[in-house]
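User: I'd like to learn how labels in a structure are earned. Please take me through some of them, setting each value against its rule.

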Amino acid sequence: MNTTTLLLYIGVMAGVTYLIRMLPMLVFRKKIKSRFVKSFLFYVPYAVLGAMTIPAVFSAAGSMGASLTGFVIAVVAALLNGSLTVVALLASFAAYIASWLIPLF
Amino acid sequence: MNEQKDLSFAEGLKDAVPIALGYLSVSFGFGIMAVQAGIPLWAAVLISLSNVTSAGQVAGVTIISAAGGYFEMALTQFIINLRYSLMSLSLTQKLDKTFKTPARLGFSFCITDEIFAVSSGKGGHITKKYLSGLMALPYFTWSLGTFLGAFAGEILPEAVKNALGMAIYGMFIAIIVPPLKKNKGVAAVVITSVALSCLFAYVPFLKNVSGGFVIIICGIIASLAGALLFPIKEKEDEET
């Protein structure tokens, strides 16, 4: 991939993301009133993160077995209210251990 | 109530430490992921320096490595990052009077989920000094972690790299699961979105839809369904 193409992609990403953050702060001075719009915006991050995580996570650590192990450990750690860092590191560690253990069986 | 002392830069830095540590590990995962997707080190770091957002960056890298279109890229970033509009909007109510146009143009660049969460939780008004401290450290570690991850991605053994590919998804899971436990609406939205995303991953024909559009479609349908069936109670959007 050439440098110009990459820079264009990054420019589009950064430009759109910045405008989204900047425009409301600059333009709007009142709060959103519509309960429907507020609800929609409230749910967007969870919907997006869910779709990005599953099924991609099942192949995130190379093999399916290691990825599944990491996924299960991450869910358990998150259910126990582990912090972002703790969950991320435990998931990686579990996948690493599994990638060594699974071929032994 | 007593007159509050203005929030200082040091106070902002202090509140930023846990965010900064979290970003270091997660952006490390992003750096590795980006290099594995064929993005050069400098570009991975530039993405972190110019975007400062995890989900949007991961989706962006996915689109770049699949040579997706620029419109697809813009639309994907728009949908994924739309939530920042609400955060910006909400934050305008918290800023003190010194935030004129240039400050608004500058500070809005670095509004993230965690920075928003911490500054909303702060009592009283937010000062420029405080927000500078709160943003500076996480911004630095987000870029540093990306550099280290992308660099390590070129030298680490395959097994370690693969395992670290889990880190960013681990963070996503840590963001989704706690509210999912407490909130029926969030649970319904996530289940809907995941089910749709699996359809797009495994069903013939649907499989051909490119990654960015899948995220947009799943995100919009699931959030609309959630907004229709489980409208939020007042205040809820500020708690999570």
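**From labels to values**

User: Why does Phe109(B) count as partly exposed?

Analyst: Phe109(B) has a relative accessibility of 25%. Buried means under 20% relative accessible area, exposed means over 50%, and partly exposed is in between (1.4 Å probe, protein chains only). Since 25% falls in between, Phe109(B) is partly exposed.

Some ground rules: this is a predicted model, where local features need pLDDT of at least 70 and side-chain atom pairs count only at pLDDT 80 or more, while totals for chains, interfaces and linings use all residues. Residues are numbered from 1 along each chain as its sequence is written, chains are lettered from A and ligands numbered from 1 in the order in which they are written, and side-chain values use heavy atoms, without hydrogens and water.

User: What makes two rings an aromatic pair, and how many such pairs are there over all chains?

Analyst: Rings of Phe, Tyr and Trp (its six-membered ring) pair if their centres lie within 6.5 Å; planes under 30 degrees apart are stacked, over 60 edge-to-face, and the rest tilted. Over all chains, the structure holds 11 aromatic pairs. One of them joins Tyr9(A) and Tyr70(B), with 4.9 Å from centre to centre and 45° between the planes. That angle is neither under 30 nor over 60 degrees, so this pair is tilted.

The pair crosses between chains: Tyr9(A) belongs to helix 1 (residues 3–27) of chain A, and Tyr70(B) to helix 4 (residues 70–81) of chain B. Helices here are DSSP runs (H or I, at least four residues), numbered from the N terminus.

User: Which of Tyr9(A) and Tyr70(B) is buried, and how do you know?

Analyst: Tyr9(A) is buried, because its relative accessible area is 4%. Tyr70(B) has 34%, so it is partly exposed.

User: Why is the pair of Phe109(B) and Tyr139(B) called edge-to-face?

Analyst: Their ring planes meet at 65°, over the 60-degree limit, and their centres are 6.1 Å apart, within the 6.5 Å limit, so the pair is edge-to-face. Phe109(B) sits in the loop between helix 6 (101–107) and helix 7 (113–121) of chain B, and Tyr139(B) in helix 8 (residues 128–155), 30 residues apart. Tyr139(B) is partly exposed, at 26%. Together with Tyr18(A), these two rings form one aromatic cluster.

User: How do you know that the charge of Arg21(A) sits over the ring of Tyr84(B)?

Analyst: The rule asks for NZ of Lys or CZ of Arg within 6 Å of the ring centre and within 35 degrees of the ring normal. The charged end of Arg21(A) is 4.2 Å from the centre of the Tyr84(B) ring and is counted as sitting over that ring.

User: Why does the span of helix 1 of chain A agree with what is expected?

Analyst: The expected span is 1.5 Å times one less than the number of residues. For the 25 residues of helix 1 of chain A that gives 36 Å, and the end C-alpha atoms are 35 Å apart, so the two agree. Its buried residues, including Leu6(A), Ile10(A) and Met13(A), pack against helix 2 (41–51), helix 3 (54–65), helix 4, helix 5 (83–92) and helix 6 of chain B.

User: What makes helix 3 of chain B largely enclosed?

Analyst: Of its 12 residues, 10 are buried, so helix 3 of chain B is largely enclosed by the rest of the structure. Among the buried ones are Ser54(B), Val58(B) and Ile64(B). The helix reaches 17 Å from its first C-alpha to its last, close to the expected 16 Å.

User: Are Tyr202(B) and Thr141(B) buried or exposed?

Analyst: Tyr202(B), in helix 11 (residues 184–202) of chain B, has a relative accessible area of 54%, so it is exposed. Thr141(B), in helix 8 of chain B, is buried, because its value is 10%. Leaving aside neighbours within four places in sequence, Thr141(B) is in contact (heavy atoms within 4.5 Å) with Ala20(B), Tyr23(B), Leu24(B) and Ser27(B).

Terms used:
Helix = DSSP H or I, 4+ residues; strand = E, 2+ residues; numbered from the N terminus.
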